[in-house]
Amino acid sequence: MGEKGARQTAAGAAMAERLRDDLAALGNVTTKKMFGGHGVFEDGIMFALVDSQGTPYLRADDATSSTFEQAGAQRHGKMPYWTIPSPVLDDERTLVEWADRALGTARTAKR
């Protein structure tokens with residue numbers, strides 16, 4: 001989730017908690033500490049992550065990554081996760097819409 005050897009931070013924990021709360025409309029959204037950051041799950045499927053610095057990311061695929069790119073998001077290394085653009089993060093309705101697409105992407109990838 002973060003750099004090798006990264007440690008959990010208050011910023012990371014706070015953002016993971018915020019995403020869990022803001023995305024509750026998607027169902028049973030939970031978080032789990034992972035590799036210095038946090039994974040964000042719905043019914044056991046990881047669709048978002050928060051790195052050790054508190055930067056939130058959503059899962060994308062070939063069909064959805066262009067939306068992230070056009071919004072100025074950055075990819076998380078080689079992983080299929082992209083930063084959540086500030087306007088999306090600051091608008092709870094839009095955030096839920098984007099997260100719902102990310103969850104669909106994660107479900108499809110899991111099959």
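This is a short walk through the structure, stop by stop, with something to select at each one. Keep in mind that you are looking at a predicted model.

**Stop 1: the whole chain**

Start with everything shown as a cartoon. You should find four helices and five strands. Trace the chain from the N terminus and the elements come up in the order α-β-β-β-β-α-β-α-α. The radius of gyration is 13 Å, close to the 13 Å that the globule rule gives for 111 residues, so the protein is as compact as a globular protein of that length. Along its principal axes, the C-alpha trace spans about 35 × 30 × 25 Å.

Now switch on a surface. About 6300 Å² of the protein is exposed, and carbon and sulfur atoms supply 47% of that. As for what is hidden, 46% of the 111 residues count as buried. If you look at contacts with a separation of 6 or more, residues 24 or more positions apart account for 54% of them.

**Stop 2: helix α4**

Select residues 92–110, which make up helix α4. This helix has 19 residues and reaches 26 Å from its first C-alpha to its last, close to the 27 Å expected at 1.5 Å a residue.

Which residues of α4 are buried? Show the side chains of Leu-95, Val-96, Trp-98, Ala-99, Ala-102, Leu-103, Thr-105 and Ala-106, and you have them. To see what they pack against, add α1 (10–22), β2, β3 (45–50), β4 (56–59), α2 (65–70) and α3 (86–89).

**Stop 3: the aromatic rings**

Keep Trp-98 on screen and add Phe-68. The structure holds two aromatic pairs, and one of them joins Phe-68 and Trp-98 in an edge-to-face arrangement, 4.9 Å centre to centre with 80° between the planes. Phe-68 lies in helix α2 and Trp-98 in helix α4, so this pair ties together parts that are 30 residues apart in sequence.

Are these two rings buried or exposed? Phe-68 counts as buried at 4% relative accessibility, and Trp-98 counts as buried too, at 11%. Add Trp-82 to the selection: ring pairs link Phe-68, Trp-82 and Trp-98 into a cluster.

**Stop 4: from helix α4 to strand β2**

Time for some charged side chains. How many salt bridges does a search of the whole structure find? The count is five.

Select Arg-107 and Glu-42 for one of them, where the closest N and O atoms are 2.7 Å apart. This pair links distant parts of the chain, with Arg-107 in helix α4 and Glu-42 in strand β2, 65 residues apart. The two ends sit in different surroundings: Glu-42 is buried, with a relative accessible area of 7%, while Arg-107 is partly exposed at 35%.

**Stop 5: helix α1 and its charged residues**

Move over to Arg-18 and Asp-90. They form a salt bridge whose closest N and O atoms are 3.9 Å apart. This is another link between distant parts of the chain: Asp-90 is in the loop between α3 and α4, Arg-18 is in helix α1, and they are 72 residues apart. Asp-90 counts as exposed at 59% relative accessibility, whereas Arg-18 is partly exposed, with a relative accessible area of 30%.

Add Asp-22 as well, and you have a network of salt bridges linking Arg-18, Asp-22 and Asp-90.

While you are here, select Arg-20 and Asp-21. Their side chains meet in a salt bridge of 3.3 Å, N to O. Arg-20 counts as partly exposed at 31% relative accessibility, and Asp-21 is partly exposed with a relative accessible area of 43%.

**Stop 6: a loop to finish**

Last selection: Phe-35. Where does it sit? Look in the loop between β1 (29–34) and β2 (37–42). Back at the third stop, Phe-68 and Trp-98 were both buried, but Phe-35 is exposed, with a relative accessible area of 63%.

For a final distance check, pick the C-alpha atoms of Phe-35 and Ala-48. The two residues are 13 apart in sequence and 14 Å apart in space.

Key. Residues numbered from 1 in each chain as written. Predicted model: local features only at pLDDT ≥ 70, side-chain atom pairs only at ≥ 80, totals over all residues. Heavy atoms only, no water. Helix = DSSP H or I, 4+ residues; strand = E, 2+ residues; numbered from the N terminus. Buried < 20%, exposed > 50% of the residue type's maximum accessible area, 1.4 Å probe, protein only. Expected span 1.5 Å × (residues − 1). Contact = heavy atoms within 4.5 Å. Salt bridge = Lys/Arg side-chain N within 4 Å of Asp/Glu carboxyl O. Phe/Tyr/Trp six-rings, centres within 6.5 Å; stacked < 30°, edge-to-face > 60°. Rg over C-alpha atoms; globule rule 2.2 N^0.38 Å. Areas by Shrake-Rupley, 256 points an atom, 1.4 Å probe, with all protein chains shown as cover.
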